[in-house]
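Welcome! Have a look at the sequence and the model shown here, and then we can walk through them together.

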Amino acid sequence: ALRQSVEEARGFDPATSTRRFSVAIPHPLGPAYALRLRDAAAAAAPGVELRFDTRTLADDAPALMREGLLDLAVDWIPAEDDRFVNRRLFEDGLVIVARRGHPRAKPGMGWKELAQEEFIRCHRRAPERRPKVLSGKLWDLMAESRLIVSEYLEVPFIVSRTDYLGVMPKSMASIAARDFHMVVTEVPGPPIRIPIWLVWHEGRRRDAGHVWLRALVHREMQAAAVEAGLLAEATAAK
């Protein structure tokens with residue numbers, strides 16, 4: 001690693017580099033984002049190797065970044081230590097989904113209508129890994145669910161085959177509608193906003209290869225947000 005750093009002291013050439021980078025993406029779309037980043041990196045840097053970890057409950061990311069074992073993370077929880085850099089990528093949200101043909105589900109459902117339905121839900125996250133918006137009326141609707149799954153990616157599989165309703169990140173709404181032919185409705189009340197962050201340790205700030213990696217991840221994540229309708233193209237270009 002020291003030899004590689006010395007060799008790259010004069011700059012980083014993605015076309016010839018054989019560096020390895022490790023990226024954590026605990027966002028529910030982590031696997032899809034990983035494939036997107038893999039393809040983008042392969043096109044620009046065929047010799048660079050990217051390794052991805054998409055565990056939702058990965059609470060060891062800060063320690064791994066301090067030790068240099070993890071290069072950066074795409075997360076909904078910013079790092080609180082002042083030695084970390086948090087850069088906002090886009091704002092996600094939450095939507096409610098139901099199968100097409102559900103006898104009662106329709107866009108614009110209110111709390112009273114939703115309270116008559118049964119929800120599938122994901123396991124409750126540890127407090128430090130839990131978006132604060134997952135509380136109040138929304139959580140109350142799901143609290144008594146008889147079907148609990150591990151990950152948000154399981155929700156459309158179950159909902160598309162039952163009369164359960166489910167809650168999913170807004171970034172997955174187009175997938176729910178296009179691939180699973182589901183009805184998508186907003187959560188009643190003020191819009192739910194969940195900032196998604198690009199997080200890294202400031203010790204890597206001047207690392208030329210790391211600068212390239214951060215730019216790649218930032219560009220591809222914002223492009224994905226534009227495609228999902230979460231970010232305007234003009235904003236992403238800034």
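The questions and answers below go from the whole protein to single residues.

Q: How many helices and strands are there in the protein?
A: Let's begin with the big picture, and keep in mind that this is a predicted model. Both kinds of element occur in the protein, and the count is 9 helices and 10 strands.

Q: What percentage of the residues in the protein is buried?
A: A residue counts as buried when its relative accessible area is under 20%. The protein has 238 residues, and the buried share of them is 46%.

Q: What share of the accessible surface of the protein belongs to carbon and sulfur atoms?
A: The accessible surface adds up to about 12,600 Å². Of that surface, the share of carbon and sulfur atoms is 52%.

Q: What share of the contacts with a separation of 6 or more is between residues 24 or more positions apart?
A: Here we set aside contacts with a separation below 6 and look at the rest. Among those that remain, the residues 24 or more positions apart account for 79%.

Q: Which residues have the most contacts inside the largest nonpolar core?
A: In soluble globular proteins, nonpolar side chains tend to be buried together. The largest nonpolar core of this model has 62 residues. Helix 8, residues 208–227, gives the largest share of this core, with 7 residues. The residues with the most contacts inside the core are F90, V155 and W212.

Q: Which residues is W212 in contact with, leaving aside its neighbours within four places in sequence?
A: W212 is one of the residues with the most contacts inside the largest nonpolar core. Once its neighbours within four places in sequence are left aside, the contacts of W212 are F12, P14, F21, A41, A44, A45 and V48.

Q: Which strand supplies the largest share of the lining of the largest cavity?
A: A search of the whole structure turns up 1 cavity of 30 Å³ or more, and the largest cavity holds about 30 Å³ of space. Its lining consists of I96, V97, A98, A105, K106, M109, L165, V183 and T185. Strand 5 (94–99) and strand 9 (182–186) each give at least two residues to this lining. The largest share, 3 residues, comes from strand 5.

Q: How many of the residues lining the largest cavity are nonpolar?
A: The lining includes K106 and T185. Sorted by type, it has 1 charged residue and 1 polar residue, while the number of nonpolar ones is 7.

Q: Is L72 buried or exposed?
A: L72 belongs to strand 3, residues 72–75. Leaving aside neighbours within four places in sequence, L72 is in contact with several residues, including S22, M65, W200 and V217. Its relative accessible area is 0%, and the cut-off is under 20%, so L72 is buried.

Q: Why does L141 count as buried?
A: L141 lies in helix 5, residues 136–142. Not counting residues up to four places away in sequence, L141 touches W111, L114, A115 and F119. The limit for a buried residue is under 20%, and L141 counts as buried because its relative accessibility is 18%.

Q: What distance separates the C-alpha atoms of M168 and V155?
A: M168 is in strand 8, residues 166–169, and it is buried, with a relative accessible area of 1%. V155 is among the residues it contacts, as are G93, Y152 and A176. The two residues are 13 residues apart along the chain, and their C-alpha atoms are separated by 7.4 Å.

Q: Which residues does A173 touch, not counting those up to four places away in sequence?
A: A173 is found in helix 7 and is buried, at 15% relative accessible area. The C-alpha atoms of A173 and V95 are separated by 7.2 Å, although the two are 78 residues apart along the chain. The residues A173 touches are V95 and V184.

Q: Which residue other than glycine has a positive phi, near 55 degrees?
A: The place to look is the loop between helix 7 (173–179) and strand 9, where H181 lies. H181 is partly exposed, with a relative accessible area of 43%. The residue with a phi near 55 degrees is H181.

Terms used: Residues numbered from 1 in each chain as written. Predicted model: local features only at pLDDT ≥ 70, side-chain atom pairs only at ≥ 80, totals over all residues. Heavy atoms only, no water. Helix = DSSP H or I, 4+ residues; strand = E, 2+ residues; numbered from the N terminus. Buried < 20%, exposed > 50% of the residue type's maximum accessible area, 1.4 Å probe, protein only. Contact = heavy atoms within 4.5 Å. Areas by Shrake-Rupley, 256 points an atom, 1.4 Å probe, with all protein chains shown as cover. 1 Å grid on protein atoms, 1.4 Å probe; cavity = no way out; pocket = protein on both sides within 12 Å on 5 of 7 lines; lining within 4 Å. Points joined across faces, edges and corners; volume = space filled by probe spheres on them. Nonpolar A, V, L, I, M, F, W, Y, C, P; charged D, E, K, R; others polar. Core = buried A, V, L, I, M, F, W, Y, C linked by side-chain atoms within 4.5 Å.
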